[in-house]
Amino acid sequence: MSTADAGREIDAAEVVADAVLAIPEVAELHGGQFGEVGTYLPGRRITGVVVDENSCAVHISVHYPADVRSVAERVRAVVARLVDVPVNVTVGDLSTAGYLPVDAENAVTEPATVTDIAPNIREGN
């Protein structure tokens, strides 16, 4: 699926990537452990999204403390409206940088530390 846009082709992977990144709890698209997840287009690469005739794979990093399952389901629902193939969402990482929840009830007043996220781990180890 692609359409012309001012002399440049817009691929389904770009549309999916833009829609996923518009979800506030998504920190970024994730390229996989070795950077293997992505779509190569002329002159550019869309990291974290692969759309083919059989499926759509979306790999993301989620902002902590967002609920990982609900974010993945939201991503799946958004992408399913854009493509006509099954959507597989993989959460590859959590990010603690630069995110505060929208609702004040769950607001974080200070950035999380490793010990906040995993109390059994000591910082610096």
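Where is the place of His63? Let me start there, and then walk you through the rest. His63 sits in strand E7. His63 is also buried, because its relative accessible area is 10%. Its C-alpha lies 7.6 Å from the C-alpha of Ala97, although the two are 34 residues apart in sequence.

Before I go on, please keep in mind that this is a predicted model. The pLDDT averages 82 over the protein, and 71% of the residues score at least 70. Two stretches need some care. Over residues 1-7 the pLDDT stays under 50, and the model has 12 contacts there beyond four places in sequence. Over residues 117-125 it also stays under 50, and there the model has 9 such contacts. Where pLDDT is low, the predicted coordinates should not be read in detail.

Now for the overall plan. The protein has 3 helices and 8 strands. If you follow the sequence along, you meet them in the pattern β-β-α-β-β-β-β-β-α-β-α. There are 125 residues, and 33% of them count as buried. Take the contacts between residues at least 6 apart in sequence: 58% of these join residues at least 24 apart. On the outside, the protein exposes about 8000 Å², with carbon and sulfur atoms supplying 51% of that area.

Let's go inside next. Which residues touch the most other members of the largest nonpolar core? They are Val16, Val20, Cys56, Val58, Ile60, Val75 and Val79, out of 24 residues in that core. Several elements give two or more residues to this core, namely H1, E3, E7, H2 and strand E8, which covers residues 87-95. The element that gives the most is H2, with 5 residues.

Val20 is a nice place to zoom in. Setting aside its neighbours within four places in sequence, Val20 is in contact with Val26, Leu29, Val58, Ile60, Val75 and Val79. If you have the structure open, try picking out those six side chains around Val20.

From the core, let's turn to charges. Side chains of opposite charge can pair when their charged atoms come close. How many salt bridges does the count come to? The count is 3, and I'd like to take you through each of them.

One pair is Glu14 and Arg44, whose closest N and O atoms are 3.0 Å apart. This pair links distant parts of the chain: Glu14 belongs to helix H1, residues 12-21, and Arg44 to strand E5, residues 44-47, with their positions 30 residues apart. Is Glu14 buried or exposed? Glu14 counts as buried, because its relative accessibility is 8%.

Another pair joins Arg74 and Glu25, with an N to O distance of 3.0 Å. Here too, distant parts of the chain are linked: Arg74 is in helix H2, while Glu25 is in the loop between H1 and strand E3 (26-29), and the two are 49 residues apart. Their surroundings can be put side by side. Arg74 is partly exposed, with a relative accessible area of 39%, whereas Glu25 is buried, at 17%.

The remaining pair is Glu73 with Arg76, where the closest N and O atoms are 3.2 Å apart. Both are in helix H2, and because they are 3 residues apart there, about one helical turn separates them. Glu73 counts as partly exposed at 46% relative accessibility, and Arg76 counts as partly exposed at 27%.

Helix H2 also takes us to the surface. The helix runs over residues 68-80, and Val68 is found in it. Val68 forms a nonpolar surface patch with Val91 and Leu94, and together the three have about 190 Å² of accessible area. Val68 itself is partly exposed, with a relative accessible area of 31%.

One more detail, and it is about the backbone. Most residues other than glycine have a negative phi, and most peptide bonds are trans. Which residues does a cis peptide bond join here? The answer is Tyr64 and Pro65, with omega at about 15°. You can find Pro65 in the loop between strand E7 (56-63) and H2.

That brings us back to strand E7, the place of His63. Thanks for listening, and do have a look around the structure yourselves.

Definitions and conventions: Residues are numbered from 1 along each chain as its sequence is written. This is a predicted model: local features need pLDDT of at least 70, side-chain atom pairs count only at pLDDT 80 or more; totals for chains, interfaces and linings use all residues. Side-chain values use heavy atoms; hydrogens and water are left out. Patches are made of residues with over 30% relative accessible area and no salt bridge: like charges are joined within 9 Å, nonpolar side chains (Val, Leu, Ile, Met, Phe, Trp, Tyr) within 5 Å. Accessible areas come from the Shrake-Rupley method with a 1.4 Å probe; for residues, only the protein chains shown count as cover. A salt bridge is a side-chain nitrogen of Lys or Arg within 4 Å of a carboxyl oxygen of Asp or Glu. Helices (H or I, at least four residues) and strands (E, at least two) are DSSP runs, numbered from the N terminus. Buried means under 20% relative accessible area, exposed over 50%, partly exposed in between (1.4 Å probe, protein chains only). Contact means heavy atoms within 4.5 Å. pLDDT is the predictor's confidence in each residue, from 0 to 100. A nonpolar core is a set of buried Ala, Val, Leu, Ile, Met, Phe, Trp, Tyr and Cys residues joined through side-chain atoms within 4.5 Å.
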